[in-house]
Amino acid sequence: MRDDDTERADEYPGPFDLPDEHDAPEPEGEEAQPFSLTDDVLALIEDGKSYAEAELRFQKSRAGYIGNRTKGAIAFALGAFGVFHLALIAATVGIVIALAPVIGPWAATAVVTLALIVAGVVMLRLLKGRLDDIRDAFDDGDGE
């Protein structure tokens, strides 16, 4: 029965969106008896097994996806590292070339080299501080 066809609505007792001949199925034979507690527990165990298998498949597929994305991320990281390394080399050469007319090529090379050594030493000290923090975090407090 359609919603806009309301001429028989008063005599129809059921919902309007179901066919007129829809009735609840009648249980037959053994299915008419209610389930026992044992059947419910067995069904619960079977559902738990199904859930565990589905969860395992999901975690495997997620691990595969993460592994695939990690490979791509590592490739892009190495590419970015290479490009930045080349950019720093170009900047170093450019600074030497720019300083060469002012203080001479040997002095420009010495100034840029010493500046890079100082920057490297500062970064090594910062690295040592971070590594000491990590070591202290894993130290169990026993004095040596």
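Here is a short tour of a predicted model, one selection at a time.

**Stop 1: helix 1.** Select residues 37-103, which make up helix 1. How far apart should the ends of its 67 residues be? At 1.5 Å a residue, the expected span is 99 Å, and the end C-alpha atoms sit 94 Å apart, so the two values agree.

**Stop 2: Gly104.** Now click on Gly104, just after helix 1. This glycine has a positive phi of about 100°.

**Stop 3: the salt bridges.** Move on to helix 2, residues 105-138. How many salt bridges does the structure hold? There are two. Show the side chains of Lys128 and Asp132 to see one of them, with the closest N and O atoms 2.9 Å apart. These two residues are both in helix 2, four residues apart, or about one turn of the helix. Next, add Arg135: its side chain meets that of Asp132 in a salt bridge, 2.8 Å from N to O. Asp132 and Arg135 are three residues apart in helix 2, again about one turn. Because they share partners, the salt bridges join Lys128, Asp132 and Arg135 into one network. Why can such residues meet? An α-helix has 3.6 residues a turn, so residues three or four places apart point the same way.

Are Lys128 and Arg135 buried or exposed? Lys128 counts as exposed because its relative accessibility is 51%, and Arg135 is exposed too, at 54%.

**Stop 4: a nonpolar patch.** Finally, select Leu124, Leu127, Leu131, Ile134 and Phe138. Together they form a nonpolar patch on the surface, with about 550 Å² of accessible area. Leu124, in helix 2, is exposed, with a relative accessible area of 56%.

Conventions:
Residues are numbered from 1 along each chain as its sequence is written. This is a predicted model: local features need pLDDT of at least 70, side-chain atom pairs count only at pLDDT 80 or more; totals for chains, interfaces and linings use all residues. Side-chain values use heavy atoms; hydrogens and water are left out. Patches are made of residues with over 30% relative accessible area and no salt bridge: like charges are joined within 9 Å, nonpolar side chains (Val, Leu, Ile, Met, Phe, Trp, Tyr) within 5 Å. Accessible areas come from the Shrake-Rupley method with a 1.4 Å probe; for residues, only the protein chains shown count as cover. A salt bridge is a side-chain nitrogen of Lys or Arg within 4 Å of a carboxyl oxygen of Asp or Glu. Buried means under 20% relative accessible area, exposed over 50%, partly exposed in between (1.4 Å probe, protein chains only). The expected span of a helix is 1.5 Å times one less than its number of residues.
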